[in-house]
Structure formats: C-alpha cells, structure tokens
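The following exercises are to be worked from the coordinates, each with a stepwise solution.

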Amino acid sequence: MKTIYYLSILIFLICCKTNGNSSDIMLKETDNKTEYVKIYSDIFKKNEDSLIIDIPIEYEILNNSDKDITGCSILMSENGKMLINLTDYYVYDLNNKGSHIIHKLDIPQKAKKNLIVHRSTMKISKKDVRKLFTGYKENSIDTIKLSQSSVFRKENRELMNLFNKNNDSIVVNLFNKNQLLTSFRKKIAW
Amino acid sequence: MSRTRIVRGTYTKISQEGHSMYSNANIITNAGAAITETGVNNGVTYGDPKKPAAIEGDYIIDGEWLDKDGNPIDTSKTPHARIGNTVFFRVKTRNIPENTPLSFELWESDGISLKIGLGTIFDSRMFDDFVPLEGKESGSKAVTANIDKDGYAIFSIDLTEYFEQYIEEDAGAYIELYFIARYIGHDMAYLPRDNSKYLQVGYSDRTLFIQSAVGDEKYGLPEFRSADGDIIIFSGGVESIDKLASADNIKKEEDSTAFDRVKDKIKDEIEGKIKDKAEEMTGKGFDKLQKTIAVHQLKKGKLGMNNGQVRTNRRLYTTTQFDNLGEEYTVTRASNFGYVSNGERVTSKGISQLDFFKETNVYSKVAKVGKNALDCLAFLDLAKYISGNGELPSIPSPVPGLDFVIDIMVTETKERIKEMWDEAVEAVLEKAKDLGIRGAKEFVTLNANANKQYGLIEISQSILDKLLKGDIRRLEQIDKLKISENRELGNKSRENPTETIKNPFVYTVLYKWQEDSTINDQVVVVETIFLNV
C-alpha cells in the first residue's frame, strides 16, 4: 500500500512537472507606448468607400520554461475566417522593427520578447474616419497618423465596440525546433 | 621529384610485353639475400644498352574541383559543396595528345593518410568506396573526358540526392570525393593529388521542396488548383485546327480516374506528340499545324447524362488549349458511368459534355481559369512559344522548359516526401484542397495547434517564377521577396496616387513544416498552389 502511495506521489509530481513546462510560458497583451494608429487607403482598391485602419497591438511572451523558444506560427482570424500573414497582418519584434516575425522566434529560457501586430486589411468606413479626424479630405492619399494605440483604444470605445463585433482572434504557437511547446488562442478585445 | 613505394609483403610485376628501366644516373639493385636474373636466350648484358624513347614523359599533373562558375572550390568552408550543387572537375596533363580519352572513377575517401613535410608517408585506401555514377547501371560507371589542346580535361558532376546515401552511411556530416584517373597504357592517378583538396559534400542547404502534383517522375510541376479547388494540369501538344475545333474530338475512353489518364500521358505527349504530328503533317498542309499548351482542369461535378439529367460529384476532365492566334478550345471529358433506372440504362457514355455544357456558365468558367492558369508557366516563356509570332519552329521539338521543370522539381524532392507521408492527415488535406482556398484556410486553422504545421502565403507571378525555376531554396526567401514587393508597391502608390494598382499576389501557396531527421532541421514542402483568379 505504501508503495502505491509513493508511486502516486511520484506520478503526481511527474505530471506537475510536465504540465509546468508549457504554463511557464506566458503570453499577455501589454499597453503599447510606441506605436500609433494609422489610417490609409487600400492601394489595390483606392476608390472604395472604406479605408484601412491599423491599430497596433502589443504582446509580451515570457519564457520561464526549461526550453528555448526557437520558432512560432502566428495565425489571426476575423469572423472565423483565417487571415494570411504578410497580406492581412504583419508581426514585428518591438525592439527590432526591421525584423518580421514569421516562423523564427528566438526567446531563450528566462527571457522575454515583445511583439507588435499590425493589421493591413482592417476596414473603417470613410464616414467613421470623418468622425475621428475632422481634417480628413475626401480621396486623400495621405496616411493619417492618429494617437498612440493604447490611448486611441481608450478614447474611442464606440468605434472599438464596433470592431469587437468582428470577433477577431489570434493564435500563437511556440516551438522548440519541431516540438510544439504551447499554444495560445486569444480573442482580441479592441 | 622522388617516389618511394613500400610494400610489406611480396612485390611482383608481370608485363605481357617488354619491361625496360632507364636512368640518367645509377640503377641500384640491392638485396638482403640472392639476386637472380634469368634470360631464356641471352644472359645479362652490360654497356651500351638500347636507348630510351626520345619523348618526354607524358602524365597527369593534377586535378582540381571547381564550383559552378569555374572557380576553384572554396576549401575554407566546410563542407565545400552541398547536395543540389553542380561542380566541375578539371585535370591538367602534360604531353598527352589532344582528344585522348581519360576515364575517371569517382571514389569516396574513408582512408587514413599520414603526411609529414616531405610528403605522404602512409596512405590507406582500403576503406574507400567506389561511387558508381547515377544512371550508369552498366558499363564502366565512370566518366570519360577528352584532353583539349591545352592539355586539360574538364567535366561536370551534378550532386543529386543520389549522393545522400553515401553521406548517410558515412560517420560524419559529409563525404570526401576524389577520382581515380586512367588512360590507356599508364598508371592510374589519384586526383586531386593533395587529399586535403578532396571535395567535401554535405547535405543540401535547401529546406524548401515542391511536391509534384502526380508523385512520379512523369510530371514535375507542383499541384496547381483553381481558387475553387479544381486541379489544373499542363501538358504540351500539337493538334490541327480542324481537329481541335471539333467537339467530335472527344474520345470514348474506358473508365479510369481522370488523374490516371493525365499522368500517364503527360510525358509521352511532351516528348513524342509534337514530333509525330509534325512528321505526319509534312507536306500535308503544315501551316495548319498548331502548337498548343494544354491546360487540363479536373472539375468536380456536372456530368450530363443521356436522359438529360445532370449528375454531380464526379470529376470532369477539361482540356483547354490555345493555338498560336490566341484562340482557345475546350474539350471536356469525364469518367463515364451509368446505372439502370426503371429498366432503362442511364449513362453519360457517348454524350458530348462540351455540347452539353457549352450554353452554361460551367463552360465559360472553365475557359477563364484555363487562360489564367497558363500564366503559372510564364517563367518558361510559353507565351512566346504559343504565339510564336505566328511562326512555327523549323525543327519541331518538345515544349521547351517542361522537361527542365520535371528535372528540377522531382529529383530533389520525392524521397523526402515519401518519408513525411502521413496518411490520415493527407486524406483530410485532400478533401480540404478540393474546397479550394476556403478549404485550405480551414485546414490550416484546424491544424494550428498540431506539431505538423501548415501555412499559407500569397505570392506574385515573379515570386512564383523564381520558385518554379528552383531559385528559391528556403521559405524565408519567399517572405523577404514578398515584403520587398509590398514595399515597392507602397512606393509606387505614393508616386502615382490616382493610379489603381492591380494586386499582384494572385497565387496562394499552401505549405507544410516538417522535421527532417536527416539534416536535423525543419523543411518546408509546398503542397499546392492556388490560382486566386
């Protein structure tokens, strides 16, 4: 009986250890202080009644596991439809904006990395643009730079609620070589 | 130059003809025991021997490995070359007459060699392996090259996946290759003479592979599908205008899958059809002969039956062909099937599907996809081939480029694909692909949390061209090209604010990530290319 008792404890500890690995990696959205909201026309559909709005979102990945993160796949969806990386969205390393995050992601043990996600096909009607920015001129091709992303989201709750109806979500899979370490699926609350 | 040969056992030389020794200095013979010299007719002669031949010695000086550009291989990096590279070997000779054939056997070095300042003191080749060259099942399995007027012989070697088996068998991460060179009547030479210059060949640095649509060597192109999931296959062919234009051209074929029929015919069509047709048409209105590229589209559903019904859920086999005036002809075939209803046999056999559907949207849609599909092969300059400025080539030849594509696509890929086959996943994937881009997106999302990752990227014609030409060896290259093209489009848009820019990213590539234990790295396999038109 004693053997079974110790065995149970051992199995329990092993289980805790195994589960502990993936939960030691954390992904959370953080308040971004560097990126600005931008509005611009879709270069492939210039005459449409809508423009593109890019509201950058920042995520922090903290690797407290005993394995290095070496790769990732970041998927986004809008209303259940999959979006395509480098077409509908772009992911950058916050501290190295020239570097696109597509498949490779180096986060050694006990390190963290902040990612910035830019959407490039999210639509906003010209009517809503006029509400946001009184200086907007019809058919202007200039990119409109608005306030800081986190500030913008707080100040424009009505518009954000409209975007929230879109049911956008993000899936972040983190790998060590070919082994999936953990997977996060988060609904984007604009 | 001196040469010393040390033999641990007995050393015997036997000559069929004479055996002569000449020296400008001394000839010394020294034995620990007896010296025996026997002549059948005459004994030993001293003084005034027959003079040696007046020519200087002819011999192979050395050999060296060169890269694809003809420069000496960079031996500072390890390995020197990789699977997938083409290398050259150049031999320098002296006094060997021009056009003399030299034969070269390829060997893999596994031996031990000890060198000191004076030269090699110990050289064992007993563990070396002969590497019979691929495709040379019989004969010498060696390369033959002739000496040019400058005394050089040069030839190329394609380091195909064939060499991987030798790397796998070897203990290290690369193999070392050298040649044994021979020419008639002379000793063999190990080349390069310096064994530190043997060619180190490692695994390929390519991590992007393209899966062939059919999975055998007869069709080298990747799987193309329409946005709706119909399979599109290309082949070359020649038909007369009259024959093509006629819907009676539809053949009655035995039941088999459309895919089987296409794949078995592709190579024959490419290699033989143009030639045969040209011969047949010689002197019989050659001007009516049209060069064509056929776009075969395997559509699902919509099969006309003899009772007027339209059945669905079968594959149609639609061939869209273009003549050199840009006219387009579409012939639809299908796997015929039938059943008995109320005692009457209902069948699709004998029904011209082209006639049946030509009034419907199905037909025009097929034609649209067909014409756009041809752009996939733009890198082969097929537009020029098809339009041909209205001129026919003087010598009919197979479709340029298609053979080339077959070579580059399949050889490096097929063995690797076999190892990665996962039947259950692939079965679901096939169904998803039948649903087109929508299905592919759903599949990628469903597999998002699995170890085997799938992905999608939208690419332009120019990126596709590079991909099909074999210029892209890693997925990251596609990513970089896409980012760069995006940037250029942004600049173009700012420069011409009123101009509408056409979205060039009309191809959606479905790929999978997979661990490859052979190279201990992840590789990417292109599954399908969807035409987003």
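A residue counts as buried when its relative accessible area is under 20%, and as exposed when that value is over 50%. The model is predicted.

**Exercise 1.** Determine whether B:Glu105 is buried or exposed, and describe its surroundings.

*Solution.*
Step 1. Locate the residue: B:Glu105 lies in strand 4 of chain B, which spans residues 101-108.
Step 2. Apply the cut-off: the relative accessible area of B:Glu105 is 18%, so the residue is buried.
Step 3. Search for polar partners: the side chain of B:Glu105 makes a polar contact with that of B:Trp107, at 3.0 Å.
Step 4. List the contacts, leaving out residues up to four places away in sequence: B:Glu105 touches B:Phe130, B:Ala142, B:Tyr178, B:Phe179, B:Ile180 and B:Arg182.

**Exercise 2.** Identify which residues of helix 11 of chain B are buried, and examine the residue that follows this helix.

*Solution.*
Step 1. Helix 11 covers residues 461-469 of chain B.
Step 2. The buried residues in this helix are B:Ile463, B:Leu464, B:Asp465, B:Leu467 and B:Leu468.
Step 3. Recall the helical repeat: an α-helix has 3.6 residues a turn, so residues three or four places apart point the same way.
Step 4. After the helix comes B:Gly470, with a positive phi near 90 degrees.

**Exercise 3.** Summarise chain B as a whole.

*Solution.*
Step 1. Count the secondary structure: chain B has 12 helices and 25 strands.
Step 2. Assess burial: of the 533 residues in chain B, 44% are buried.
Step 3. Evaluate the surface: the accessible surface of chain B is about 29,300 Å², and carbon and sulfur atoms account for 49% of this area.
Step 4. Examine contact order: among contacts in chain B between residues at least 6 apart in sequence, 70% join residues at least 24 apart.

**Exercise 4.** Characterise the interface of chain A and chain B.

*Solution.*
Step 1. Count the participants: 25 residues of chain A and 36 residues of chain B take part in the contact.
Step 2. Compute the area: about 2,600 Å² is buried between the two chains, with 55% given by carbon and sulfur atoms.
Step 3. Rank the contributors: A:Phe44, A:Met82 and A:Asn178 supply 25% of the area that chain A buries against chain B, more than any other three residues.
Step 4. Test for specific interactions: the rule finds 0 salt bridges across the interface, but 12 residue pairs in polar contact.
Step 5. Assign elements: strand 14 of chain A gives the most to the side of chain A that touches chain B, with 4 residues.
Step 6. Classify the residues: this side of chain A comprises 12 nonpolar, 9 polar and 4 charged residues.

Key:
Residues are numbered from 1 along each chain as its sequence is written. Chains are lettered from A and ligands numbered from 1 in the order in which they are written. This is a predicted model: local features need pLDDT of at least 70, side-chain atom pairs count only at pLDDT 80 or more; totals for chains, interfaces and linings use all residues. Side-chain values use heavy atoms; hydrogens and water are left out. Buried area is the accessible area (1.4 Å probe) that two parts lose on being put together, summed over both. A salt bridge is a side-chain nitrogen of Lys or Arg within 4 Å of a carboxyl oxygen of Asp or Glu. A polar contact is a pair of N or O atoms within 3.5 Å; within protein, one must be able to donate a hydrogen and the other to accept it, and residues adjacent in sequence count only if both atoms are side-chain atoms. Helices (H or I, at least four residues) and strands (E, at least two) are DSSP runs, numbered from the N terminus. Ala, Val, Leu, Ile, Met, Phe, Trp, Tyr, Cys and Pro count as nonpolar, Asp, Glu, Lys and Arg as charged, and the others, Gly among them, as polar. Buried means under 20% relative accessible area, exposed over 50%, partly exposed in between (1.4 Å probe, protein chains only). Contact means heavy atoms within 4.5 Å. Accessible areas come from the Shrake-Rupley method with a 1.4 Å probe; for residues, only the protein chains shown count as cover.
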